[in-house]
Amino acid sequence: MISKEIRIAVTEYSSPEETGPETASLIQLAAKAAAQAYAPYSGFNVGVAIELTDGTRFMSNNQENKAYPSGLCAERTGLFFVKANHPDSTIRRMIILAQQDGMTTEEPAFPCGACRQVMVETEERQEIPMEILMVGRNRIVRVESAGSLLPLKFIL
Ligand code: THU
């Protein structure tokens, strides 16, 4: 038997300003996306901003449905859109932010397990790591690679 410890490296920021002007503007885009989410059933609006290596930016949000499981999270909505329309694109970073009652949540929006699985595979399709920023009012957490969010991922 062998016991192992799996660690992940994170960087924390206390405000969008601390991340620098470029990232702060991407965080604003994610907030705009969250405000446009269709989340009448949960009231939990998730917004995502995606930036490609060529600087192109996209936004996405969660899309709910009366038949609850038919809805989709903001992260997968965004990644699937980008890869459907720009299959050869390389994603440099992704910002995730959630709002309740029009306000960004205190704690960062950490992606669900299903989204992590899709994020990891999206990252594997490209040559460089995909940076992930999870934004909350109290703190902003950054990981340099989507893979670090799901170390024991599903492998086929
Ligand atoms: N949601 C996301 O958009 N991303 C996640 O990573 C977790 C949850 C959405 C799904 C649903 O519309 C709402 O948040 C509440 O679960």
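Here is a short chat about a predicted model and the ligand it holds.

Modeller: A word on the ground rules: local features need pLDDT of at least 70, side-chain atom pairs count only at pLDDT 80 or more, and totals for chains, interfaces and linings use all residues. Residues are numbered from 1 along each chain as its sequence is written, and side-chain values use heavy atoms, with hydrogens and water left out.

Biologist: Which residues surround the ligand?

Modeller: I call a residue near if one of its heavy atoms lies within 4 Å of the molecule. The residues around the ligand are Ser42, Phe44, Val46, Asn62, Glu64, Cys73, Ala74, Glu75, Pro111 and Cys112.

Biologist: Which residue has a polar side-chain atom 2.8 Å from a nitrogen atom of the ligand?

Modeller: A polar contact is a pair of N or O atoms within 3.5 Å. Backbone N or O atoms serve at alanine 74, 2.9 Å from a ligand oxygen, and at cysteine 112, also with 2.9 Å to a ligand oxygen. The side-chain contact to a ligand nitrogen, at 2.8 Å, belongs to glutamate 75.

Biologist: How much of the ligand's accessible area does the protein cover?

Modeller: Accessible areas come from the Shrake-Rupley method with a 1.4 Å probe. On its own the ligand has 370 Å², and the share covered by the protein is 73%.

Biologist: In what order do the elements of the protein run from the N terminus?

Modeller: Helices (H or I, at least four residues) and strands (E, at least two) are DSSP runs, numbered from the N terminus. The protein has 3 helices and 7 strands. Their order is β-α-β-β-α-β-β-α-β-β.

Key
Polar contact = N/O pair within 3.5 Å; in protein donor to acceptor, adjacent residues only side chain to side chain.
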